[in-house]
Amino acid sequence: MAALSAWFWNERFWLPHNVTWADLENPAPGVEYPKAGHLFTALPLALGIFVVRILFERFIASPCARSLHIHQGVGRRAQPNAVLEKVFTSITKNPDSRHLDGLSKQLDWEVRKVQRWFRHRRNQDKPSTHTKFCESMWRFTFYLCIFTYGFQFLWQSPWMWDTRHCWYGYPYQAMTSGLYHYYVTELAFYWSLMFSQFTDIKRKFNGYQRDCSSTQMWHECRHKIHSKDFLIMFIHHLATVSLISFSYVNNMARVGSLVLCVHDASDFLLEAAKMANYAKYQRLCDILFIVFSVAFFITRLVIYPIWVLNSTMFESWAIVGPYPSWWLFNVLLLVLQVLHIIWSYLIARIAIKAILRGKVCNDVRSDIESSSEDESASPTEGFKTSPHPSKGENGTNGHCASAKARAQNHNSW
């Protein structure tokens, strides 16, 4: 174990040349350098954040949802059937035509009745709009609060105005209480996101695009895209946790705080757009989505590469020089940039379709994928209109009121 620890904490990997851990152990009086042990504070804090989230959703978000007439409705449940239930739980939740024909003959049911049973059964496990609104309101509140705190802190920090201050005197840079609290809170939140991702509403990128594209295409690509989306989000959370932890240990927290602020700048706008969509204020949702798109493109495709990556890759090279952990840190930052490009492409494609059609449909990277409205009609049941009135241009949960709601082909996206 000692040999493994010595290998992991190798000074020549973590620190620049001619710097050792001993050099950082005895700072001047009143000065504190980062230590790996500080990060363990994030684990109980992550649990605390999760408890706060539960209380927030129950006592604050839920009453707000009810005040907006978003109630916890009970969807239509599938009638008990042992044969279909066994197929649903052990074989497939979306049977193809071959399975449908076989089940139809076995039960002496019409194919449409079997399709309807599977649709109702899937909807039983899907969260209501009320649940999704509460989750989005929690994320909106946290993102807005942490961005406000981080921006105020960075406003008074010299490295916000001149990123070369991230590297002057490195690695002998004091860890201030403000930077420590900002870092540990962000780390705790992303830890909570990593664990709750397996129980939260599944995320998807292209909800906005569902009503603007071929429903058959989305039906055919559903499982492949959905699994990729979950993997991309998990990689994003993992890369973020790794970046925060990694940059804290080797005292790159100054530039790390810039990365965090850039990422938080647009996230709360997306959650606000989703809340407006769930509340059926589609005009407001469209406006917020446009503002979010602009903010996302500026922060992730302009500010992040020009401001952050330029500092970590070129300014640090000139002031400090490269070393092994420097290379790994920049690789992690480039992974995030690749994810930014992927999301930007999806958002841009949706925005272009929205401009051509004169409106924005549904939500990007949203959790509109799993409501019962998404599967209100099967491929063989023709076209239906939404029975719910809207407060804006569009109907409930992202369906465009200007057009007939298309048969969904069970497209969770």
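# Reading helix packing and burial

User: Which residues does Pro322 touch, not counting residues up to four places away in sequence?

Analyst: Pro322 touches His17, Trp317 and Trp327. Please keep in mind that this is a predicted model.

User: How do you know what "touches" stands for here?

Analyst: A contact needs heavy atoms within 4.5 Å. His17 is a nice partner to look at: 305 residues separate His17 from Pro322 in sequence, yet their C-alpha atoms are 9.1 Å apart in space.

User: Where along the chain is Pro322, and what makes Pro322 buried, exposed or partly exposed?

Analyst: Pro322 sits in the loop between H13 and H14. Its relative accessibility is 27%. The middle class runs between 20% and 50%, and 27% falls inside that range, so Pro322 counts as partly exposed.

User: How do you know whether Ser316 is buried or exposed?

Analyst: Use the cut-off again: buried means under 20%. Ser316, at 1% relative accessibility, is under that value and therefore counts as buried. Ser316 lies in helix H13, and its contacts beyond four places in sequence are Trp167, Ser311, Gly321 and Trp326. Another distance to look at is the one to Tyr170: 146 residues away along the chain, with 9.4 Å between the C-alpha atoms.

User: Why are H13 and H14 called roughly parallel or roughly antiparallel?

Analyst: Start with the angle. The axes of H13 (residues 282-319) and H14 (residues 324-357) cross at roughly 160 degrees and come within 10 Å. Angles over 145 degrees count as roughly antiparallel, so H13 and H14 earn that name. Their crossing is left-handed, and their contact holds 21 nonpolar, seven polar and one charged residues.

User: What makes H8 and H12 roughly parallel or roughly antiparallel?

Analyst: The reasoning starts from an angle again. H8 (residues 129-155) packs against H12 (residues 253-278) at about 150 degrees, with the axes 8 Å apart. That angle is over 145 degrees, which means H8 is roughly antiparallel to H12. H8 passes H12 in a left-handed crossing. In this contact, 16 residues are nonpolar, three are polar and six are charged.

User: Why do H4 and H10 get the name they do for their angle?

Analyst: The axes of H4 (residues 42-67) and H10 (residues 177-196) come within 8 Å and cross at roughly 65 degrees. The class from 65 to 115 degrees is called roughly perpendicular, so H4 is roughly perpendicular to H10. This crossing is right-handed.

User: How do you know which residues in the contact of H4 with H10 are polar or charged?

Analyst: On the H4 side are Ala42, Leu43, Leu45, Ala46, Ile49 and Arg53, while H10 brings Val184, Thr185, Leu187, Ala188, Phe189, Trp191, Ser192 and Ser196. By class that gives 10 nonpolar, three polar and one charged residues. Arg belongs to the charged class, so Arg53 is the charged one. Thr and Ser are not on the nonpolar or charged lists, so Thr185, Ser192 and Ser196 are the polar ones.

User: How many helices and strands does the whole chain have, and how many of its residues are buried?

Analyst: The protein chain has 14 helices and zero strands. Of its 413 residues, 52% count as buried. The chain exposes about 19300 Å², with carbon and sulfur atoms supplying 65% of that area.

Key. Residues are numbered from 1 along each chain as its sequence is written. This is a predicted model: local features need pLDDT of at least 70, side-chain atom pairs count only at pLDDT 80 or more; totals for chains, interfaces and linings use all residues. Side-chain values use heavy atoms; hydrogens and water are left out. Helices (H or I, at least four residues) and strands (E, at least two) are DSSP runs, numbered from the N terminus. Buried means under 20% relative accessible area, exposed over 50%, partly exposed in between (1.4 Å probe, protein chains only). Accessible areas come from the Shrake-Rupley method with a 1.4 Å probe; for residues, only the protein chains shown count as cover. Axes are lines fitted to C-alpha atoms, for helices over the stretch in contact, and angles run from 0 to 180 degrees between N-to-C directions. Angles under 35 degrees count as roughly parallel, over 145 as roughly antiparallel, 65 to 115 as roughly perpendicular and the rest as oblique. A crossing is left-handed if the near helix is turned anticlockwise from the far one by less than a right angle, and right-handed if clockwise.
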